[in-house]
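Student: Could you take me through one part of this model up close, and then show how it sits within the rest? I'd like the cut-offs spelled out as we go.

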Amino acid sequence: MRSLVIARREFFAYFESPIGYVVVALFSALAAALFFLVGDVFFSYNQASMRHFFSNMPMLVAMIAPAIAMRSWAEEIRSGTVERLMTLPFSLGQLVVGKFLGVWAVFAVALLCTLLAPISVAMLGDLDWGPVIAAYVGTLFLAGAGLAICCFLSALTSNQIVAWMVGACTLLVFNLFHLLASAVFIPRWLAEISLNIDMSQHFHALARGVIDVPSLGFYVAVMIVSLVANTLILSLRRHG
Amino acid sequence: MAVNKIKRSLGLKMLLSTVLIVVLVMLLGTFYLRFDLTASKQYSLSLSTKDLIARLDDRLQVKLYFNKDIQGHEYLLPERLLLQDLLGEIEHLGGDLVSVETVDPTADLVASRDAEHVGITAVPLNGQDVGSLSIDLLYQGLEMRYQDSSEVIPFVRADEFEFAFSVRLAALIAGEKPVVGLMSNEPLLPPQMPGIPRQVPDGRVFEQLRNALGERYTVRDVSTTQEAEIDLEGVSTLIVARPYQFPEKFLVAIKDFLSDGKSVLLLYDSEFIESNTLQQTAVSTGLESWLAELGVNISTRLVYDSNSIKVQSGSQEIETPSGMQRVPLQAPYGFGVFSENDSLNREHQITAALGSVAFFWAHAIDTSGIADNLSAIDLVTSSDQAWLLPADSELAMSTENIRDLQIKAYASGQPQSYALASLISGDFGNQGKAGRLVVTGDSDLFHNLTLQSSENPNREFAANLIDWLSNDSDLITLRSRGLRQRPLHDFAATYVSTHGGFTDDEADNAHLSKAAWLHTHFVQRMISLINVFAPMVFMLIAGALHFVFRRRKAKQVKSNV
């Protein structure tokens, strides 16, 4: 519960600067533009389906999640407020989880702003809302995993731009592991591992309309590992 | 020292938690816990398939011939994912009794030979070529082996997968397919000669119906020539197709079959129409007096419906964005009754999930005087804007005749809805056994020319009828599952209809079609732009308001201080 106090502070602090609004607006605009405008995919497909909308999500999240998470720790380190933060009556774990929940809530707001797209599609045809709900849940978990990784990376540097770039590259790699699986020189076991740790593969299973517990479990595991690593990094910083 | 100790302790904690989580994820992966949120439970097997899998008492081997590489044809991906998903669920449900193996005949020579041996051939792909990277052959076949038998689906489509799989599994478990009798005046097939492909005689106009049912049933021909033997042994359902001067002994056989509590599908026509010349000949079926005894009256007049199939009635030149083009002119042909929505009985399993049924030169069925021991319900009707026209009406599909027919129909009186397919059930022979008879006022709805397209909805109607009459209604539910088409609203059609529709004037039509195209393009562009900019503008306004309020608040605080 104490983490929620930190999460609340982080969430509102995000919207104290214009960057929060810009990132949210950019995300919803990009998602809609890729769906409705680029290549005219939606109207030429002529189906009341959000499949193409969500097929772009892993790449969009790889760009936007680092932008949301980059300031979480890097800014505190740069301005020197991280030491003060550690003196507050919160454990490191609570601080890490709180900050993570804060940025996750920011992403949820950005995702809410894309709801106009399924509403428009539902007005244009008989949209099946089940896959849309599953895909939104999937996007939220995919972003949760991405944000947790980026929060951890943000704790490694005091430069927000570096945090964004490293975060974006890391998430891109996590989304492209499946390409490794189709390479001919890769042994079968390695191909299977690369498919299993690919974030977009787990997302596509969810985006079809099936809430697959193992896929959600994968994202939760990534979040936990990243948050534990984040806590470890901050512990090392605290202890010099 | 202390710092090192802390570092070691934290490192250990980190390592332990990571290992714990990896183990947890691996354990989670072995669980098959999922929630299918799609409207038709598209990614989940139905109860009837699960029941079939539960009935397995020996090992079922499923081999999917599937080329993994679909480069250049990525649009196939959703269908392929659905297939793999359903096979995964079958494997999970079957446990040790079901094994699913996927082989790629394009990469594996042995698999390629096996595919050829069992009759699975690659489907050539055209039109999506992206150079040397694009594949041109697609394997998507399935082989099922159970005990000493095997079944093959040469090309498995995801939307029909569960049905195709289940009927074959049912046949493998039962050891044989149910038998459907087809009684008609068609010529019989010549005997099969080794090494010589069998020629289908011209007059076999229900060959496509046989093919459509052949996946699930063994279709046995029952010839109606005077000298032919009537063999209905083991027949679950009898189809009486286009009866023509039936000898008495066949009528007796039909009556006995129904009295025995079995089912008959009667495809009735009181005239034959030659498909090329559209010349009609009135015929006597030999069943008239029997149907009258039952209280089923089939009109000799033809149903003309304003909700009808569009046919090509000519062609015209129109102006398109790419210049003048000659396009076929389509017009609604009133004798091609198109039954959909309320015209299909949604209360009955046969028609509950059907999209549409199309009739050509149909007759109205009246069951208001049905016999006391029987009951009747209408399965398919015309729309309520239908009329009856004389059987000798001109049937040509030219624009002029279509207009003349329309005038005649409107002048013939008040429109009303007419039954085109009815179900009569009850004790036909007073032997205490309930038989079932479905009568359609048209036999052309299952004619080769109607069913030649595998997409034709009448195929589904035929299969549903036979499944229900053969007491296999579970299959009807299975057949209607799969990827459902959800087309977008047709702005162009709405625009055309709100502007009076197309007329005989080519110039007007060209102008209207261009305006409809521009209107559609405009609406689509507007929807796209609203979706892109509305949330952005909303967020920017929210941000601006937030900063204005904050500044005002700060000023207020400053002034107070």
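**A three-stranded sheet and its surroundings**

Tutor: Let's begin with one pair of residues: B:Gln312 stands opposite B:Gln330, which belongs to strand β16 of chain B. The model is predicted, with local features requiring pLDDT of at least 70 and side-chain atom pairs counted only at pLDDT 80 or more, while totals for chains, interfaces and linings use all residues. Residues are numbered from 1 along each chain as its sequence is written, and chains are lettered from A and ligands numbered from 1 in the order in which they are written.

That glutamine pair sits between β15(B) and β16(B) (residues 323–340), two antiparallel strands joined by twelve bridges. Strands here are DSSP runs of E with at least two residues, helices are runs of H or I with at least four, and both are numbered from the N terminus; two strands pair if DSSP finds at least two bridges between them. The open sheet is completed by a third strand, in the order β15-β16-β17 of chain B, with antiparallel pairing. Its edges are β15 (308–320) and β17 (356–360), each pairing on one side only. On average, neighbouring strands of this sheet are turned by 50 degrees against each other, direction ignored; the axes are lines fitted to C-alpha atoms (for helices, over the stretch in contact), with angles from 0 to 180 degrees between N-to-C directions.

Elsewhere in chain B, strand β6 (residues 140–146) pairs with two partners. Strand β2 (residues 60–66) runs antiparallel to β6(B) over seven bridges, and here B:Tyr65 has B:Gly141 as its bridge partner. Strand β7 (residues 149–153) is also antiparallel to β6(B), through five bridges, with B:Met144 opposite B:Glu151. The β6(B)–β7(B) hairpin has two residues between its strands, and B:Gln147 takes a positive phi near 50 degrees there. Five of the seven residues of β6(B) are buried, meaning that 20 or more other C-beta atoms, placed from the backbone, lie within 10 Å of their own (12 or fewer is exposed, in between is partly exposed).

For a helix in this chain, take α10(B) (residues 399–411): its 13 residues reach 19 Å from first C-alpha to last, close to the expected 18 Å, which is 1.5 Å times one less than the number of residues. After α10(B) comes B:Gly413, with a positive phi near 130 degrees.

Zooming out, chain B holds 15 helices and 22 strands, and 32% of its 561 residues are buried. Its pLDDT (the predictor's confidence in each residue, from 0 to 100) averages 84, and 93% of residues score at least 70. Residues 128–133 of chain B stay under 50.

Chain A has 14 helices and one strand, and 52% of its 240 residues count as buried. The two chains meet through 50 residues from chain A and 41 from chain B, contact meaning C-beta atoms, placed from the backbone, within 7 Å. On the chain A side, α14(A) gives the largest share, twelve residues. A strand pairing also crosses between the chains: β1(A) runs antiparallel to β1(B) (residues 34–36) over three bridges, and A:Ile211 stands opposite B:Phe35. For the complex, the predictor gives an ipTM of 0.89 and a pTM of 0.66.
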